[in-house]
Amino acid sequence: MRRSPTTLFASKDCVPVTDHALLSTDPQLDALWWRQAVVYQVYPRSFADLNGDGIGDIAGVTSRMDYLAELGVDAVWLSPFYPSALADGGYDVADYRDVAPELGTLADFDAMVAAAKSHGIKVIVDIVPNHTSDLHAWFQEALASERGSAARARYIFRDGTGPDGSEPPSDWISHFGGPAWTRLPDGQWYCHLFAPEQPDLNWDNPEVREDFKTTLRFWADRGVDGYRVDVAHALSKDLSEPLRSKPVLEGADLPLDGTDPLYDRNEVHDIYAEWREVFNEYDPPRTAVAEAYAASERRALYARPTGLGQAFNFDLLQADFTARDYHDVVTFCLNEAEKTGSSSTWVLSNHDVVRHATRYGLPAGVDLDEWLMSDGTAPVLDAEAGLRRARAASLLMLALPGSAYLYQGEELGLHEVSDLPYAALQDPIWLRTGNEKKGRDGCRVPLPWSSEGSSYGFGDGPAHLPQPTAFGATSAQAQDGRPDSTLELYREALRLRRQLQTVEDLAWVDSGHPDVLHFVRPGGWSCVTNFGTEPVALPAGVVRVSSSEQVPGVLPGETTVWLTAWPQD
Ligand code: NOJ
Ligand code: CA
């Protein structure tokens with residue numbers, strides 16, 4: 001029998017942390033669908049290669065839409081699939097309103113959207129507004145134009161410093177290593193917070209602002225439901241002369257008053273207020289999620305209903321696998337989300353970080369860049385423990401109120417590929433750091449769909465990044481129908497989540513054990529995680545799904561279970 005939320009939350013053991021936002025019971029049809037959605041991130045070049053050229057394509061995504069529907073996701077977010085010279089995995093966009101020829105056509109995109117819609121799956125595209133590709137028509141025009149021209153005013157061009165202008169205009173540095181300025185043969189410099197092939201746009205320029213609104217409408221008109229906004233915190237810069245000093249990347253030192261010269265400036269929200277007007281031209285309004293590296297206290301500004309509506313937080317991704325870290329992160333993030341009436345986001349893996357099965361198989365605090373440079377040998381990865389913890393973490397994440405963003409392959413429990421040959425590396429981090437850091441290719445290795453065959457079912461030919469032989473055993477085919485597999489765990493969790501999730505509420509229950517986190521969701525659904533290695537007694541309830549093999553009355557170490565007060569429906 002279901003207990004009512006009221007009864008449950010009146011329990012003296014429960015401490016409510018959120019208390020708002022009744023949701024529609026049908027998030028698929030509702031304008032608030034995004035609030036508690038499971039969003040699956042596709043990195044298109046590594047998802048599925050339908051024409052066998054080694055590069056994943058849009059038709060490949062379409063071909064796997066049944067798989068995504070069976071997995072049970074609410075939305076699919078595609079990392080950039082636009083024309084690009086791939087100086088940064090597609091985050092160097094040469095044309096915001098087209099599909100890269102090697103990935104397909106706009107007609108393929110439309111077919112993919114139609115396939116998604118036929119399954120009730122929403123589509124989110126990546127918008128990359130901080131910088132274009134150097135091959136973008138605007139930048140090419142800027143290169144061919146004079147200093148001071150309107151074409152250069154769309155970007156951030158400056159004369160250099162020093163007696164002959166041979167020093168960069170400021171001390172700004174690039175995220176990928178080296179200065180954030182590159183000099184042209186005519187002596188002027190242009191700004192790029194990422195690779196030199198990613199010149200930064202000048203968001204003080206009205207033409208830039210208008211053009212992005214055209215792009216937003218372009219995709220919304222093609223049936224896109226929302227946007228993931230890349231580097232959302234960097235668009236507005238203090239470009240007044242002399243340029244202010246900023247010799248460090250953004251981070252903990254960002255001022256809380258929004259006055260940093262480069263990041264998280266107050267003015268950036270004017271841009272998103274304009275975007276919100278565009279989103280609201282549609283019914284239902286388009287949604288957005290900000291990738292904003294702001295101080296956690298200021299993240300909520302991006303998530304305002306008058307702004308982008310939701311913001312990623314990477315706190316869970318950065319947390320150690322401990323009860324204390326998870327408790328604190330969840331409590332903090334739910335409170336932050338509530339400040340603006342947004343819902344929290346949760347992320348454990350994405351295309352920029354070492355996969356969480358691997359992170360959790362390494363000692364806490366290990367330097368992941370150094371570990372990658374050792375080809376994954378020092379320290380030695382405990383792959384089994386990493387996967388066990390990752391499964392427990394994912395199951396906990398999927399029980400939280402808010403949106404869970406999954407990264408392709410995590411449902412297969414994939415590990416980072418740490419020993420890619422140097423010659424295969426594509427990430428600009430590898431080159432720009434003078435080969436001191438390998439970068440992010442290890443989490444972007446094409447997915448294994450089948451146990452055998454060329455590129456394990458990714459395509460008919462070799463994949464654009466080499467796959468390890470271990471991928472065969474972790475393929476979707478190998479895991480399909482195997483009750484203990486990670487794929488089936490995700491499927492079952494997503495199925496149950498749809499059934500159990502009602503209001504965005506969570507209450508902690510005192511587990512009486514420092515390694516055990518226990519929280520309840522309205523309707524008699526609870527989630528218990530044992531972060532320790534020793535088994536503990538299982539709280540009362542019916543186990544509906546477990547991240548490791550069930551033992552009656554026992555919650556094994558490094559395991560999450562979902563409990564209900566009533567047996568299976
Ligand atoms: C964040 C993206 O996630 C990352 O992949 C990219 O390199 C940078 N933004 C620059 O666009
Ligand atoms: Ca292809």
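Here are some notes on this predicted model, going from the overall fold to the ligand, the empty spaces and a few backbone details.

1. Overall build. The protein chain has 16 helices and 19 strands. Its radius of gyration is 24 Å, close to the 25 Å that the globule rule gives for 569 residues, so the chain is as compact as a globular protein of that length. Along the principal axes, the C-alpha atoms fill a box of roughly 75 × 50 × 45 Å.

2. Around the ligand. Which residues come nearest to ligand 1? They are Asp88, Asp230, His351, Asp352 and Arg440, out of 13 residues around the ligand. By class, this shell holds 7 charged, 4 nonpolar and 2 polar residues.

3. Polar contacts and burial of the ligand. Three side chains are worth a look here. Asp88 has a side-chain N or O atom 2.6 Å from an oxygen atom of ligand 1. For Asp230, a polar side-chain atom lies 2.7 Å from a ligand oxygen, and for Arg228 the distance from a polar side-chain atom to an oxygen of ligand 1 is 3.0 Å. Ligand 1 would expose 300 Å² taken alone, and the protein buries 97% of that.

4. Enclosed space. Rolling a probe the size of a water molecule over the atoms shows where empty space is left. Over the whole structure, the search finds 8 cavities of 30 Å³ or more. The largest cavity holds about 130 Å³ of space. Its lining has 13 residues, and those closest to the centre are Arg299, Ala311, Cys333, Glu336 and Ala337.

5. What the cavity wall is made of. Helix 8 (299-302) and helix 10 (323-340) are the elements that give two or more residues to the lining of the largest cavity. Helix 10 gives the most, with 4 residues. Sorted by class, the lining of this cavity has 6 polar, 5 nonpolar and 2 charged residues.

6. An open pocket. The second largest pocket is also worth opening in your viewer: its volume is about 810 Å³. Of its 35 lining residues, Leu387, Arg391, Asp484, Ser485 and Thr486 are the closest to the centre. Which elements each supply at least two residues of this lining? Helix 13 (383-398), helix 16 (486-500) and strand 17 (542-546) do. Helix 13 gives the most to the lining of this pocket, with 5 residues. The pocket lining divides into 13 nonpolar, 11 polar and 11 charged residues.

7. A cis bond before Pro242. Glu241 and Pro242 are joined by a cis peptide bond, with omega at about -10°. Pro242 sits in the loop between strand 8 (226-229) and helix 7 (268-279).

8. The loop before helix 13. Two backbone details fall in the loop between helix 12 (368-373) and helix 13, where both Pro379 and Asp375 are placed. The peptide bond from Ala378 to Pro379 is cis, with omega near -5°. Asp375, a residue other than glycine, has a positive phi near 60°. As you follow the chain out of this loop, recall that helix 13 also gives 5 residues to the lining of the second largest pocket.

Definitions and conventions:
Residues are numbered from 1 along each chain as its sequence is written. Chains are lettered from A and ligands numbered from 1 in the order in which they are written. This is a predicted model: local features need pLDDT of at least 70, side-chain atom pairs count only at pLDDT 80 or more; totals for chains, interfaces and linings use all residues. Side-chain values use heavy atoms; hydrogens and water are left out. A residue is near a molecule or strand if one of its heavy atoms lies within 4 Å of it. A polar contact is a pair of N or O atoms within 3.5 Å; within protein, one must be able to donate a hydrogen and the other to accept it, and residues adjacent in sequence count only if both atoms are side-chain atoms. Accessible areas come from the Shrake-Rupley method with a 1.4 Å probe; for residues, only the protein chains shown count as cover. Ala, Val, Leu, Ile, Met, Phe, Trp, Tyr, Cys and Pro count as nonpolar, Asp, Glu, Lys and Arg as charged, and the others, Gly among them, as polar. On a 1 Å grid over the protein atoms alone, a cavity is a set of points where a 1.4 Å probe fits but cannot get out, and a pocket is an open set with protein on both sides within 12 Å along at least five of seven lines; lining residues have an atom within 4 Å of a point. Grid points are joined across faces, edges and corners, and a volume is the space filled by probe spheres set on the points. The radius of gyration is taken over C-alpha atoms; the globule rule is 2.2 Å times the number of residues to the power 0.38.
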